[in-house]
Amino acid sequence: MEINNFDRQSAAAGIVYGRKKAALFVSALLMIHFGLITSGIAQENLSKEIRWVRQSVEYAAVCKQTYFAAWRAVKSMAPAQQGDWAVVLDIDETVLDNSQYQVELFERGESFSYATWNRWVERKESAAVPGVKAFLDSVRAIGPHAHVAFITNRDAKLDPATEGNLKALGLWGDGDVLMGRRERADTKEVRRQEVITGTGRCEGLGTRTIIALIGDQVGDFFEPADGVSYEELKTQVLEHPDFGVRFFALPNPMYGDWERGY
Ligand SMILES: [Mg+2]
């Protein structure tokens, strides 16, 4: 269960620490704890990174706190915007949790392939990343100048399946933009520019200021230079003024550009 609006959640925070609530909270934690032990036995052969995403409350906590920080930033920046603005989110391991696909690969002794991946996407069974629904509901509640754009490197042909999965989870809003990747040259930066300038797939939507970007790969925030080393890129990220201000990164220990050195 997820509280579906961060502002309501903040208002409720004051009563969480009442005695009765505390007792209920402890009971709930014990139930979660025993539930995890049970599922942990069944899935103990899974790799640690998959287990961490699926079985650790710390993963959920990091995701929730990232989305909450993003919400606080958006809430403070929104009133100063002239005209329309947007938040841009990646899809995989940012909005949708595909750890079940990773489990199935593990069970079959396979590694990633586009054939199995596309079949997984068509099933529309991905779960929501913790915190994302409250974030999106809160952003949309700001008003008509607030917009949501999803920019994903899923094949653009899979956009209908992706949209269906988002709708099933209550994550899709009227007027949202979803842009899968059409071809190699169709980078995320190309698509971010379409959001900003109201061109290409965003023709007719008008110009929009992107006030926050959320993702699990550095390319969700900016395009790393060709041939950049891990050390150089790490320095760029650590010195970049936008992380924690406009850029909000989620953890993905299961896969990523880090595996092949960017
Ligand atoms: Mg991703």
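## The sheet

In which sense do strand 4 and strand 5 pair, and over how many bridges? They pair in the parallel sense, over four bridges. Strand 5 covers residues 177–181. Within this pairing, Ala-149 has Val-177 of strand 5 as its bridge partner. The model is a predicted one.

These two strands belong to an open sheet of five strands. The order is 5-4-1-6-7, and the pairing is parallel. Strand 5 and strand 7 (247–249) stand at the edges. Each has a single partner strand, so one side of each is left without a neighbour in the sheet. On average, neighbouring strands are turned by 20 degrees against each other, direction ignored.

## Strand 4

Strand 4 runs over residues 146–155. Eight of its 10 residues are buried, so the rest of the structure largely encloses this strand. A residue counts as buried here if 20 or more other C-beta atoms lie within 10 Å of its own.

## Strand 1 and its partners

Strand 1 spans residues 85–89. With strand 4 it pairs in the parallel sense over five bridges. In this pairing, Ala-86 stands opposite His-147 of strand 4.

Strand 1 also pairs with strand 6, which covers residues 209–215. That pairing is parallel too, over five bridges. Val-87 stands opposite Ala-212 in strand 6.

## Helices on the sheet

Helix 7 is made of residues 132–140. This helix lies across strand 1 and strand 4. Its direction runs at about 140 degrees to strand 4.

Helix 8 packs on the sheet as well, touching strand 4 and strand 5. Its direction makes about 135 degrees with that of strand 5. Helix 8 covers residues 159–168. Together, strand 4, helix 8 and strand 5 make a β-α-β unit. The unit is right-handed.

## A helix pair

Which residues bring helix 3 and helix 5 together? From helix 3 come Ile-50, Val-53 and Arg-54. They meet Ser-99, Gln-102, Val-103 and Phe-106 in helix 5. By class, the contact has four nonpolar, two polar and one charged residues.

Helix 3 covers residues 48–55, and helix 5 covers residues 99–108. The two pack at an angle of about 145 degrees. Their axes are 10 Å apart. The crossing of helix 3 and helix 5 is left-handed.

Conventions
Residues are numbered from 1 along each chain as its sequence is written. This is a predicted model: local features need pLDDT of at least 70, side-chain atom pairs count only at pLDDT 80 or more; totals for chains, interfaces and linings use all residues. A residue is buried if 20 or more other C-beta atoms lie within 10 Å of its own, exposed if 12 or fewer, and partly exposed in between; C-beta atoms are placed from the backbone. Two strands pair if DSSP finds at least two bridges between them. A crossover is right-handed if, with the strands pointing away from the viewer, the path from the first strand over the helix to the second runs clockwise. Axes are lines fitted to C-alpha atoms, for helices over the stretch in contact, and angles run from 0 to 180 degrees between N-to-C directions. Two residues are in contact if their C-beta atoms, placed from the backbone, lie within 7 Å. A crossing is left-handed if the near helix is turned anticlockwise from the far one by less than a right angle, and right-handed if clockwise. Ala, Val, Leu, Ile, Met, Phe, Trp, Tyr, Cys and Pro count as nonpolar, Asp, Glu, Lys and Arg as charged, and the others, Gly among them, as polar.
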